[in-house]
There are 2 protein chains.
Amino acid sequence: MTAVAGGALDRLREALGEVSDLERAVEVLVWDQETNMPPGGVEDRANQTATLSRLAHERFTAGEVGRLLEAAEAEVAGQPDDSDEVRLVRVTRRDLDLRTRVPADLVAEMARAAAHAQPVWHEARASSDWLRFVPAMERMVELNGRLTEALGYRERRYDALIEASEPGLTTSRVEALFAEIRAAIAPLVAGIAANAGRVDASLLDRPFDERRQLTFAVDTIARMGYDLERGRQDLSAHPFCTSFGPGDVRVTTRTGPTLGDSCLYSSIHEAGHAMYEQGIPRAFDRTPLCAASSSGVHESQSRLWENLVGRGRPFAEWLVPRLRAEFPESLGDLEPEPFWRAMNAVRPSYIRVDADEVTYNLHILLRFQIENDLLEGRLRVVDVPEAWAAQLQELLGLEPPPHSHGPLQDIHWTDSLGSFVGYTLGNLISAQLMESVRRDMPDLDSCIAAGEFAPLLSWLRDRVHRHGRKLTPDELVERATGSPITAGPWIAYVREKFTALYGL
Amino acid sequence: MTAVAGGALDRLREALGEVSDLERAVEVLVWDQETNMPPGGVEDRANQTATLSRLAHERFTAGEVGRLLEAAEAEVAGQPDDSDEVRLVRVTRRDLDLRTRVPADLVAEMARAAAHAQPVWHEARASSDWLRFVPAMERMVELNGRLTEALGYRERRYDALIEASEPGLTTSRVEALFAEIRAAIAPLVAGIAANAGRVDASLLDRPFDERRQLTFAVDTIARMGYDLERGRQDLSAHPFCTSFGPGDVRVTTRTGPTLGDSCLYSSIHEAGHAMYEQGIPRAFDRTPLCAASSSGVHESQSRLWENLVGRGRPFAEWLVPRLRAEFPESLGDLEPEPFWRAMNAVRPSYIRVDADEVTYNLHILLRFQIENDLLEGRLRVVDVPEAWAAQLQELLGLEPPPHSHGPLQDIHWTDSLGSFVGYTLGNLISAQLMESVRRDMPDLDSCIAAGEFAPLLSWLRDRVHRHGRKLTPDELVERATGSPITAGPWIAYVREKFTALYGL
């Protein structure tokens, strides 16, 4: 990115660099809290993240950035609309407008509340007791209510949260997408339920050495394109990806004793996120452009690698011989076809991260509705388990789960509301992108079967990663695929794959 | 610590808390860099530590803290001289006076230079090539020269560095202590050299399983009093201890294949540091009192546990049966007496951290002289290996070492000059304290032999740890032992122990 040395844009980038350094440092503190921190560190860490978050917010919203931004806007006027400079200024203006609406105290309160809520959530989940989490969750709902008031919204509180994470989308558009998905999926789910016996998932229960599965997973994602010179994998209660800059993008995972609950597919998922972050140009570093277009676009990358690549038939051709060679004691007789079928078994279940591709979006719909009801005061926090159970019955036909397998399964509510929608948008976008990839790369399947992932990664680098945050989700998807975000390609993909798999 | 709510002292503590949060966050970033960070993270991490260090410095030296401090000084006037409030204000005044002398830019430059120098040092050490480190070291000498100019000094540049880390001490007092040590030690070293055969250290070459040695070391320091609920141990190139607050004090170590180069004694050393930090009262948290009295006093705690406890005859009584039980394959026949003798073998050697108690201070004297010569322009950075070799010959009678075992062995010069002196002061103070412990606890040896470390830890908590930074080194040592820092007790301790061991 070029700019007049000493000009307003240059000085703006200096100021934004400081803000970025503070924000990245917070990410390091949070990563450490989740992976390494001893129990005694909670109190100090809460103070540290709160102070750094508040300083980042203050320095961004203090007059200096605004003044430099105004001058930079004048400086770049007339430059091409697609130039890095114009987009940097535009994205910064958008962030500044959003953030100046949020008081610094609220930012600090939310950071402190999140740091306090995390250990409480770990305890509540361990004892499967929603009541232990209720005070922290009530605080979260209250703070998010204040946040939506501060941000402003047209009709629905949720609009404020969506606009912040998915610029251009609204609650009603998301509701329409969900309605389309639900209508298309319901008959598929029913058809599968009537023919559940046609897919045997029992081999997922085979033992899978926990220490070696971790090594195997790291090796797998490295071969898929995750650069370990600029990343690492650690253990945490809830898998996540975090970036401290394009040169240090980390993933975490958790292991389990069987093939089915191993860390393999969560690793591929997080590596999908990480390859996105690793593909953002160094030139965007320490600016607001050095990030994903949105949570949904971020999730499209993890979904694409996890599901559209990782759960595809060609991937099994590549993976299974490696599994056989590395785990001869329990997987010596594994074959691609039954592995592929087992990995795609559709089973309505309690845990979102373990859900199959068909029912996954229903888990998101459930959370989306509960969050809306909490924010709009139609549901009390203490009643969440009941509401959860009712919707689980309606959407997936399941009995009420223990709290640890219900509303306590996700870490997200320790930190924010509204973040789940990105997962469904990610599913939709991943299918849209993949449709285009297949048009451009007719030999994609044989590449994947041969373990050649570089051409696919290169396509994604070009159409998605290299833009960082220059494009909005709809802009990015439209340029890459020819249409804005829609549910059609995902519905077609799922219908075709699972109709064939279950012989419907 | 009590204070009028809303009074100047209260508001001062708020402001100091923010500075502390920033400084602790830098410690987390540095810890991560040394233990976890992938190579690609260097550039961003350098920016992050530089920005946070600079912000901490700016916020501390900006007018706000000074104004609140002035008001707080008035507020506490007349309170007892030993009260937490008076001492907090006094220590803060001292820090502010020192730090306002250092420009914020210099602080940021030093942090950035340190972050850049660390990977260079790792590479230079790996290839044993001082030349690769020369540019980074020249930068460090230049920056430290500017630092001493900014801090000011009476006669010697080094005075500025010593006053900053060891309030009350001067270069000439340290030189006098070194002269006393050298005069007393020279005949001892000669006597030992003539009778080197009397101590057999060969059992230190026995194999010592690297993974299990780590577990054994953690278990050992936990039994000695290091609280793992408020800490953890990781691997790094150079062992260190770091505190993110009294609730999260971490140690690092490195392992080796034999008993002699295992992580055991480095773990005990760092645990000595860590127990000090863990013993600082919560009430001092997020203030300048929440730290050690000085680097030398800090080092007295690591030395006391490593040497005066860990290398003592009673400790062998406790440790050896545990070693026998845990490592029967290589240590099944170990006995306390030969282990104790081997652990105390005096062998002039190249590596400071492996040096015995007798010759250790000579390694420090060598570095102290080289740093002085560099700062005062009598020595060029490129000539350091030669100067090193000459002094090594004179002090220890050794041939020139490879650079990796010479001036590249320590990480310290990636970060600062002047920090080695604290090690010798630590040795002196540890012996002074132990003399007093023995007066107060005549049964100390039998406690240690039985693995009962709580009484000793409790004595140290009371005389050292609980004061945090309330007392200067001389105040602390004088209150605990009856005299300011002197070399006498250490000389007596070493002379008695090693005269007996070698039958001189």
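Biologist: How far does helix 1 (residues 8-35) of chain A reach from its first C-alpha to its last?
Modeller: This is a predicted model, in which local features need pLDDT of at least 70, side-chain atom pairs count only at pLDDT 80 or more, and totals for chains, interfaces and linings use all residues. Residues are numbered from 1 along each chain as its sequence is written, chains are lettered from A and ligands numbered from 1 in the order in which they are written, and side-chain values use heavy atoms, with hydrogens and water left out. Helices are DSSP runs (H or I, at least four residues), numbered from the N terminus. With 28 residues, and an expected span of 1.5 Å times one less than that number, helix 1 of chain A is expected to span 40 Å, and its reach is close to that, at 40 Å.

Biologist: How many residues of helix 1 of chain A are buried?
Modeller: Buried means under 20% relative accessible area, exposed over 50%, and partly exposed in between (1.4 Å probe, protein chains only). Helix 1 of chain A is mostly covered, and of its 28 residues the number buried is 21.

Biologist: Which residue forms a salt bridge with Arg469(A)?
Modeller: A salt bridge is a side-chain nitrogen of Lys or Arg within 4 Å of a carboxyl oxygen of Asp or Glu. For Arg469(A), the closest N and O atoms are 2.6 Å apart, and the partner is Asp95(A).

Biologist: How many residues apart in sequence are the parts that Arg469(A) and Asp95(A) tie together?
Modeller: Arg469(A) is buried at 17% relative accessible area, and Asp95(A) is buried at 10%. Arg469(A) lies in the loop between helix 19 (454-463) and helix 20 (473-481) of chain A, while Asp95(A) lies in helix 4 (residues 84-100) of chain A, so the parts they tie together are apart in sequence by 374 residues.

Biologist: Which residue meets Arg59(B) in a salt bridge?
Modeller: The N to O distance of this pair is 2.8 Å, and the partner is Glu18(B). Arg59(B) lies in helix 2 (residues 42-61) of chain B and its partner in helix 1 (residues 8-35) of chain B, so the pair ties together parts 41 residues apart in sequence. Arg59(B) is partly exposed at 25% relative accessibility, whereas the buried partner, at 16%, is Glu18(B).

Biologist: Is Asp95(B) buried or exposed?
Modeller: The side chain of Asp95(B) meets that of Arg94(B) in a salt bridge (4.0 Å, N to O). Arg94(B) is partly exposed, at 21% relative accessible area. Asp95(B) has 10% relative accessibility and counts as buried.

Biologist: How many salt bridges are there over all chains?
Modeller: One network of salt bridges links Asp81(A), Asp82(A), Arg87(A), Arg90(A), Glu475(A) and Arg479(A). Over all chains, the count of salt bridges comes to 110.

Methods:
Helices (H or I, at least four residues) and strands (E, at least two) are DSSP runs, numbered from the N terminus.
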